[in-house]
Amino acid sequence: MTSKVSICNLALNSIGQARINSLTEASNEAAACLSVYDTCRDELLSEWPWTFATKREALALLTH
């Protein structure tokens with residue numbers, strides 16, 4: 001499984017920024033990743049019905 005730091009480093013590399021070792025390290029890059037990672041992940045997951053991110057539950061029968 002790919003870590004948050006690995007995903008952030010791919011993004012940072014694509015825009016020519018320095019890599020990070022932790023989301024909590026004292027750097028501007030880590031602070032930026034930490035502030036947007038969860039929101040970006042949630043937005044991406046909501047854009048498509050990804051099977052790995054879908055939870056299904058059986059509904060209770062209604063009685064009249």
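In this predicted model, the accessible surface of the chain amounts to about 5800 Å², and carbon and sulfur atoms make up 58% of that area. Of the 64 residues in the chain, 16% count as buried. The overall dimensions can be read alongside these values: the C-alpha trace spans about 60 × 20 × 20 Å along its principal axes, and the radius of gyration is 18 Å, whereas a compact globule of 64 residues would have a value near 11 Å.

The secondary structure consists of two helices and zero strands. Among the contacts in the chain with a separation of 6 or more, 18% are accounted for by residues 24 or more positions apart.

Turning to the interior, the largest nonpolar core is made up of seven residues, namely Cys8, Leu12, Ile20, Leu23, Ala30, Cys33 and Tyr37. Helix 1 (4–14) and helix 2 each contribute at least two residues to this core, and helix 2 gives the most, with three residues. Cys8 offers a useful place to begin inspecting the core: once its neighbours within four places in sequence are left aside, Cys8 is in contact with Ile20, Leu23, Cys33 and Tyr37.

On the outside, Leu44, Trp48, Trp50 and Phe52 form a nonpolar surface patch, and together these residues have about 510 Å² of accessible area. One of them, Phe52, lies in the segment that follows helix 2 (28–46). Phe52 is classed as exposed because its relative accessible area is 65%, and the cut-off for that class is over 50%.

Methods: Residues are numbered from 1 along each chain as its sequence is written. This is a predicted model: local features need pLDDT of at least 70, side-chain atom pairs count only at pLDDT 80 or more; totals for chains, interfaces and linings use all residues. Side-chain values use heavy atoms; hydrogens and water are left out. Patches are made of residues with over 30% relative accessible area and no salt bridge: like charges are joined within 9 Å, nonpolar side chains (Val, Leu, Ile, Met, Phe, Trp, Tyr) within 5 Å. Accessible areas come from the Shrake-Rupley method with a 1.4 Å probe; for residues, only the protein chains shown count as cover. A salt bridge is a side-chain nitrogen of Lys or Arg within 4 Å of a carboxyl oxygen of Asp or Glu. Helices (H or I, at least four residues) and strands (E, at least two) are DSSP runs, numbered from the N terminus. Buried means under 20% relative accessible area, exposed over 50%, partly exposed in between (1.4 Å probe, protein chains only). A nonpolar core is a set of buried Ala, Val, Leu, Ile, Met, Phe, Trp, Tyr and Cys residues joined through side-chain atoms within 4.5 Å. Contact means heavy atoms within 4.5 Å. The radius of gyration is taken over C-alpha atoms; the globule rule is 2.2 Å times the number of residues to the power 0.38.
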